[in-house]
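Here is a colleague's note, in numbered points, to be read beside the structure. It begins with a term and the basis of the model, and then turns to the fold, the core, one helix and the surface.

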Amino acid sequence: LEVSEETGTLTGTGMGVGTPQYMAHEQATGRKVDHRADIYALGVVFYEMVTGRKPYDADTPLAVIIKQASDPLPPPKQFVRNLPEHVERVIFKSLAKNPEDRFQSMTEFATTLEMIGQGKKVHWSNKNTRRYLIFASAITVIAVVIGVIAFLFNDQVAQGKISLASI
């Protein structure tokens, strides 16, 4: 593998790997790559168009790959304060580290960008959002159950029905 000092691209004998700033996580780490790596690359272009900068930048191509793999995506609102939330969500979805969390087709991504261009808000629910809601709901239920048990236990102690010494 060689790094071109002029372009910052990675190349190898008989293969082109790409420009690290536009490489999807799975591509940068040598895992199986499919069409969603192209969606990631287009997401980087969209991020640049909106913020005026690349999401991950560093002095060397390897440092870019390391940042891309380990750092969270810098929120676009950090650079464009008045960015509509639904536009930021589209950027986050297109640049998700897990290909399953990205747009699953260029058609889906293009249609979403078209809707944004027409001033329409975009809404969707992905697996991670559902997982988070299920997890948060479960934690809430557990907290309520523990709270009820603690309340009942304290009530029993206060009424003298249970002695802390007997426990």
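1. A polar contact is here a pair of N or O atoms within 3.5 Å, where within protein one atom must be able to donate a hydrogen and the other to accept it, and where residues adjacent in sequence count only if both atoms are side-chain atoms. The model is a predicted one, in which local features need pLDDT of at least 70 and side-chain atom pairs count only at pLDDT 80 or more, whereas totals for chains, interfaces and linings use all residues. Residues are numbered from 1 along each chain as its sequence is written, and side-chain values use heavy atoms, with hydrogens and water left out.

2. On the overall fold, the protein chain has six helices and three strands, these being DSSP runs numbered from the N terminus (helices H or I, at least four residues; strands E, at least two). Read from the N terminus, the order of elements is β-β-β-α-α-α-α-α-α. Of the 167 residues, 29% count as buried, a term that means under 20% relative accessible area, while exposed means over 50% and partly exposed lies in between (1.4 Å probe, protein chains only).

3. The largest nonpolar core (buried Ala, Val, Leu, Ile, Met, Phe, Trp, Tyr and Cys residues joined through side-chain atoms within 4.5 Å) has 20 residues, of which Tyr 40, Leu 73, Val 87, Val 90, Ile 91 and Leu 95 touch the most other members. Two or more residues come from each of α2 (36-51), α4 (85-94) and α5 (106-117), and the largest share, six residues, is that of α2.

4. Thr 51 belongs to helix α2, and it counts as buried because its relative accessibility is 14%. A polar atom of the Thr 51 side chain lies 2.8 Å from the backbone oxygen of Tyr 47, and the side chain of Thr 51 also reaches the backbone oxygen of Arg 53, at 3.0 Å. Once neighbours within four places in sequence are left aside, Thr 51 is in contact (heavy atoms within 4.5 Å) with Pro 76, Phe 79 and Val 80.

5. Helix α2 also has a part in the surface, since Met 49 lies in this helix and is exposed, with a relative accessible area of 66%. For the chain as a whole, about 10700 Å² is exposed, and carbon and sulfur atoms supply 60% of that area, with accessible areas taken from the Shrake-Rupley method with a 1.4 Å probe, only the protein chains shown counting as cover for residues.
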